[in-house]
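Here's a quick walk through one model, with the geometry spelled out as we go. Have a look at it first, then read on.

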Amino acid sequence: MPAKPTTAPPPTPADASSLELVARVSHLRKTYGSTVAVDDVSLDVHRGEILGVLGPNGAGKTTTVECLTGLRQPDQGTVRLLGLDPARDGRRLRPRVGCQLQESELPAKLRAGEALDLYASFYDDPADGRALAADLGLATALDTPYHGLSGGQKQRLSIALALVGRPELAVLDELTTGLDPQARRDTWDLIEGVRADGVTIVLVTHFMDEAERLCDRLVLIDRGRVAAAGTPTDLVAQALGEQVLRLRLPDPVPLATVRAALRDVTEVTDLAVEGPGTPAGPAGGPLPDVVVGPSDELVVTGSRAVTAPALLALAAADLEPVDVVARRGTLEDAFVALTSSRETEPTPVEV
Amino acid sequence: MTALRALTLSEGRLYLRDSGTVFFALVFPTLLLVLMGLVLPGMDEPLTDAPGYEGLRPIDLYVPVVLALAICTTSLTTFPAVFGGYREKGVLRRLATTPLPASRLLVAQVSVNVLALLVAVVAALVAMAAVLGLTAPQQPGLVVLAFALGITHMTALGCVLAALVPTAASGNGLGMLLYFPLLFLAGVWTPGPTMPDTLATVGSYLPLGAAAQAMSEGWFGDGVPVTQLLVMVGWTLVLGPVAARVFRWR
């Protein structure tokens, strides 16, 4: 368990969790010249959780996290980390926060074991570098110079260096990029072990399976703003409802006809068409008369009970659904819906 | 083990693993002195028409100049480029997230380079003594003082470059840009009495020039080169803190 708990504001009734706050970012804004990297981001990190920061490339995730750890100064907004301001109290915070950064190398001829020993010397009470290396599958690579390590080994060494100081908070950016599937799973097991030791983790990722597997809560950042926040289940429910039906219709049918068929099925929350015939999003005004062709996919989203009523309603209207796939909405679907929903106006569905 | 010691050992190992650097820094001064003395005509003959320098050979006049060259090489050729390379590859950015302060990193690198310099200088003097005969300095204490101040102020200059250069290539380029003019003003091409007076005056206020002149005075003269010594102290006190203040982690 971490050494001294920091004081945190008492939980308000609005807090989702009554756990202590490790960090709070409020209305963060950061620009580089004329580019707005972060427009308005607020998030909380609770002690002992794994918080996922998701978003498309260029959304502002890395900048947000760099402001959180004090690597960059925000233009506006406040950051409190372990009760301190990372911009002013960096020296007091750095022993307690471990960072694994993307695109950050080590000197080419430095050996992995040497790097671990070197970084361990920066801290008063470091972890056993050798044991950490073994947990990460690096035991055989300790004498290999950095330029001789594989991409996956470099990634794992990076994680080890972030954890060698026994931090209270670990910030991991692109945890499993470049790792093969087995290594990813091993790394996820390791991170869950680290969390079990009491370390709070902020995980920046764009892998949905990783977010779903590891994260207690997620913050979805899109174009510099928070698009959604909550547990993975919350996000899926918020974005999509819980069931996604994909099907095809053997004969071409106007979308309006499909809509009419599903009008009375109250469980349906969204209806979309994907495929070669899919038109671009409407600019506003009346919907174009889309025809659903045999190679287009109809995507019906709704609550858990949507499957049977929707299929029956289509059959009753002589629209025979084929190639039907029914599954739970995944985080990936939610991600796409939440981040693209502001790019084009979603087709308002009257069902 | 403390961070500084661990870092110094680590940088030392990395330094030795780069064989090109090692050769140039450690062996070059020796080669320069010995080869010049043996190969260039007249280097080994006592001077006949230089008042105040009777009994000395041109190669003798070169000894303090080569010491200055060694200082210049270690502080400007690879030192800034190493930092530029680290900055470019994100090595420094990662270190910025650890408790290690910038100053420790500079000190560790400087220590390794100064050690290399001392080895290079001792090697050059020993080789000189063995092959061509070494004239003992008139004021050894002054020579040592001038050498030490030469190291401090040139290192400070190297640190300013190291603190700022964004890539290895720019570190190299900028280092080289300063290297040759400073060597010129230190008298590598115009040692002792062959240097024109104006040039010597300018050189006495600039880095390295001051060191070379102070060491020469200590070796062959009996005066105290107060101006040059103060100039070196001044450069150290100005450039050192500037380097620590402007140090960039990315």
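How many of the 32 residues of α3(B) are buried? The answer is 29, so this helix is largely enclosed by the rest of the structure. Buried here means under 20% relative accessible area, exposed means over 50%, and partly exposed is what lies in between (1.4 Å probe, protein chains only).

Some ground rules before going further. This is a predicted model, in which local features need pLDDT of at least 70 and side-chain atom pairs count only at pLDDT 80 or more, while totals for chains, interfaces and linings use all residues. Residues are numbered from 1 along each chain as its sequence is written, chains are lettered from A and ligands numbered from 1 in the order in which they are written, and side-chain values use heavy atoms, with hydrogens and water left out.

**The long view of α3(B)**

Helices (H or I, at least four residues) and strands (E, at least two) are DSSP runs, numbered from the N terminus. Helix α3 of chain B covers residues 58-89 and spans 46 Å from its first C-alpha to its last, close to the 46 Å expected at 1.5 Å a residue. That expectation is 1.5 Å times one less than the number of residues. There's a bend of about 35° at P64(B), where the bend is the angle between axes fitted to the seven residues ending there and the seven starting there. Just after the helix, G90(B) takes a positive phi of about 85°.

**Aromatics**

A pair of aromatic rings is described by the distance of the centres and the angle of the planes. Rings of Phe, Tyr and Trp (its six-membered ring) pair if their centres lie within 6.5 Å; planes under 30 degrees apart count as stacked, over 60 as edge-to-face and the rest as tilted. By this rule there are 7 aromatic pairs over all chains. In one of them, F83(B) and Y86(B) have ring centres 6.5 Å apart and planes at 55°, so the pair is tilted. Both residues sit in α3(B), 3 residues apart, or about one turn of the helix. F83(B) is buried at 0% relative accessible area, and Y86(B) is buried at 9%. Another tilted pair is W219(B) with F220(B), at 6.5 Å centre to centre and 45° between the planes; both of these residues are buried too.

F83(B) and Y86(B) also belong to an aromatic cluster with F79(B), F247(B) and W249(B). One of those rings has a charge over it: the charged end of R87(B) sits 5.3 Å from the centre of F247(B). Over in chain A, R184(A) lies over the face of F207(A), 4.5 Å from the ring centre. To qualify, NZ of Lys or CZ of Arg must be within 6 Å of the ring centre and within 35 degrees of the ring normal.

**Chain A**

Chain A has 11 helices and 15 strands, and 49% of its 351 residues count as buried. With contact meaning heavy atoms within 4.5 Å, residues 24 or more positions apart account for 73% of the chain A contacts with a separation of 6 or more.

In helix α1 of chain A (residues 61-69), 9 of the 9 residues are buried, so this helix is largely enclosed by the rest of the structure. G70(A) follows α1(A) and has a positive phi near 90°.

Two strand residues are worth a click. T200(A), in strand β7 (residues 200-205), is buried at 0% relative accessible area. Beyond its neighbours within four places in sequence, T200(A) is in contact with residues including V22(A), H46(A) and L169(A). R29(A), in strand β1 (residues 21-32), counts as partly exposed at 25%. Leaving aside neighbours within four places, the contacts of R29(A) include V38(A), D39(A) and P74(A).

**Odd phi values**

Most residues other than glycine have a negative phi, and most peptide bonds are trans. Here are two leucines with a positive phi.

| Residue | Phi | Loop | Relative accessible area |
|---|---|---|---|
| L82(A) | about 50° | between β4 (76-81) and α2 (90-93) of chain A | 3%, buried |
| L208(B) | about 75° | between α8 (197-205) and α9 (209-220) of chain B | 0%, buried |
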